[in-house]
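Colleague: Got a minute for this model? I'd like to go through it with you.
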Number of protein chains: 2
Amino acid sequence: MSSDPAPAIAVSTVIFGLRAIERSEHVVLSLPLVKRVREPYLGRWALPGGPLAATESLREAARRNLRATTGLDPKHLEQLYTFGAVERSPVDRVVSIVYWALVRTDEADRARIGENVRWFAADALPQLAFDHDEIVGWALKRLRNKVEYTRIAHALLADEFTLADLREVHEAILGRRLDPANFRRRIEATGTVEATGRHLEGGRHRPPALYRSTAQKELLL
Amino acid sequence: MSSDPAPAIAVSTVIFGLRAIERSEHVVLSLPLVKRVREPYLGRWALPGGPLAATESLREAARRNLRATTGLDPKHLEQLYTFGAVERSPVDRVVSIVYWALVRTDEADRARIGENVRWFAADALPQLAFDHDEIVGWALKRLRNKVEYTRIAHALLADEFTLADLREVHEAILGRRLDPANFRRRIEATGTVEATGRHLEGGRHRPPALYRSTAQKELLL
């Protein structure tokens, strides 16, 4: 034990959303970052976050971050991990409890981005403040694991979606193209989606079928 | 925000081990608990834990708990979750970062149990202090999930084991008997164990084959 001051608690949030790229038909896995306006790491980009207030739960603190940064209140919000290395902040000892959120594509487009906040593509981040590069790495790993064995991709889509929409989410998260026929077979085998009987509106000869999640909230694991 | 004092940080540990039951050939999933010697919850059983010292990492604090409670330094130690509900302690606001450990059967038998410490069967716990019932519930769920899709059961065994030993670990964790032939088939299909070429010593006509993990440390997920 030591007589140093007690470690402080912060709550930070990794917010994933899919954003359209200019001059491209693809969407890209992205996250909003906040530019630091004070030392340490003045001017560097960092995850949204701040101290835990005495009267709010960890999840409430994460929701407050989310609203302050993006104006959004996403359904999918999950605790990621708690980071507490002794030297992770150059000033005071801070233990950060990190949550991660998934923002639906339509929500991400509507997000009211605050001052000093900008969306970055997950595969083209600047060097972040503190150990936030490591934290984003953890969150990406968790998201990529989960997209393979849970229904989590549905959280990034509207209630009804085409299989092409769903494949695009998987592709953006995994960072690689997937074969459409194999993808369709694999998804149909999981039983995680069902046809709504409706089709995408528009003038096409064979409009794609619309699907929905067979369980909106419950994940496989 | 509020002017209440900042929340304090504690690190607690759920330590799982397999312990033999008297007058039985079976082992039982068990965990050591500490009897509280002060308020709140004086006299109740609780998870081993305590405040995070300013100069130790979260993992170091968990290891310190483990050594103080059992004298052991188990290989498998993993962060479980951080519990921070506002009212979880009746006195001060405490955020608890919880680790869970797996203690090998031979280690659990050797454990130097401290004063006011006792092993309890996981399925016959007394009502615990604070929200520790909920925490143990989380840890059990995580352990049971992991035993199905990772090599984690190996962490409870010596380096070489029979398939009956491995099945006994799965049975103790899942709390139900498993069919030996089905179990053998399933385990062999996963490729997580390999025969050592050696057999269990003893006077038996057909001594069982000894296996080892194909990857001592890396888990499937």
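Colleague: Start with helix 4 (residues 163-174) of chain A. What should its twelve residues span at 1.5 Å a residue, and how far apart are the end C-alpha atoms?

Modeller: Keep in mind that this is a predicted model. At 1.5 Å a residue, the expected span of helix 4 of chain A is 16 Å. Its end C-alpha atoms are 16 Å apart, so the two agree.

Colleague: Which residues in helix 4 of chain A are buried?

Modeller: D165(A), L166(A), R167(A), E168(A), V169(A), A172(A) and I173(A).

Colleague: And what do those buried residues pack against?

Modeller: Two strands and two helices of chain A: strand 1 (8-20), strand 2 (27-35), helix 3 (132-149) and helix 5 (180-190).

Colleague: What follows helix 4 of chain A?

Modeller: G175(A), with a positive phi near 75°.

Colleague: Now helix 1 (residues 58-70) of chain A. What span should its 13 residues give?

Modeller: 18 Å, at 1.5 Å a residue. The end C-alpha atoms of helix 1 are 18 Å apart, which agrees. After helix 1 of chain A comes G71(A), whose phi is positive, near 70°.

Colleague: Which of its residues are buried in helix 1 of chain A?

Modeller: L58(A), A61(A), A62(A), R63(A), N65(A), L66(A), T69(A) and T70(A).

Colleague: Over to chain B. How do helix 3 (residues 132-149) and helix 4 (residues 163-174) of chain B cross?

Modeller: Their axes come within 9 Å and cross at roughly 145°. The crossing is left-handed.

Colleague: Which residues meet there?

Modeller: From helix 3 of chain B, L143(B), R144(B) and V147(B). They meet H170(B), I173(B) and L174(B) in helix 4 of chain B. The residues of this contact divide into four nonpolar, one polar and one charged.

Colleague: New topic. What turn and shift lay chain B on chain A?

Modeller: A turn of 180° and a shift of 0.0 Å along the axis, with an RMSD of 0.0 Å. That is the relation of a two-fold axis.

Colleague: How many residues are in contact between the chains?

Modeller: 25 residues of chain B contact 25 residues of chain A. Strand 1 (8-20), strand 5 (76-83) and strand 6 (94-103) of chain B each give two or more residues to the side that touches chain A. The largest share, three residues, comes from strand 5 of chain B. That side divides into 16 nonpolar, seven polar and two charged residues.

Colleague: Why say the copies meet through the same surface?

Modeller: Because 100% of the interface residues of chain B are also interface residues in chain A.

Technical notes. Residues numbered from 1 in each chain as written. Chains lettered and ligands numbered in written order. Predicted model: local features only at pLDDT ≥ 70, side-chain atom pairs only at ≥ 80, totals over all residues. Axes fitted to C-alpha atoms, helices over the stretch in contact; angles between N-to-C directions. Helix = DSSP H or I, 4+ residues; strand = E, 2+ residues; numbered from the N terminus. Left-handed = near helix turned anticlockwise from the far one by under 90°. Contact = placed C-beta atoms within 7 Å. Nonpolar A, V, L, I, M, F, W, Y, C, P; charged D, E, K, R; others polar. Least-squares fit on C-alpha atoms with pLDDT ≥ 70 in both. Expected span 1.5 Å × (residues − 1). Buried ≥ 20, exposed ≤ 12 C-beta atoms within 10 Å, placed from the backbone.
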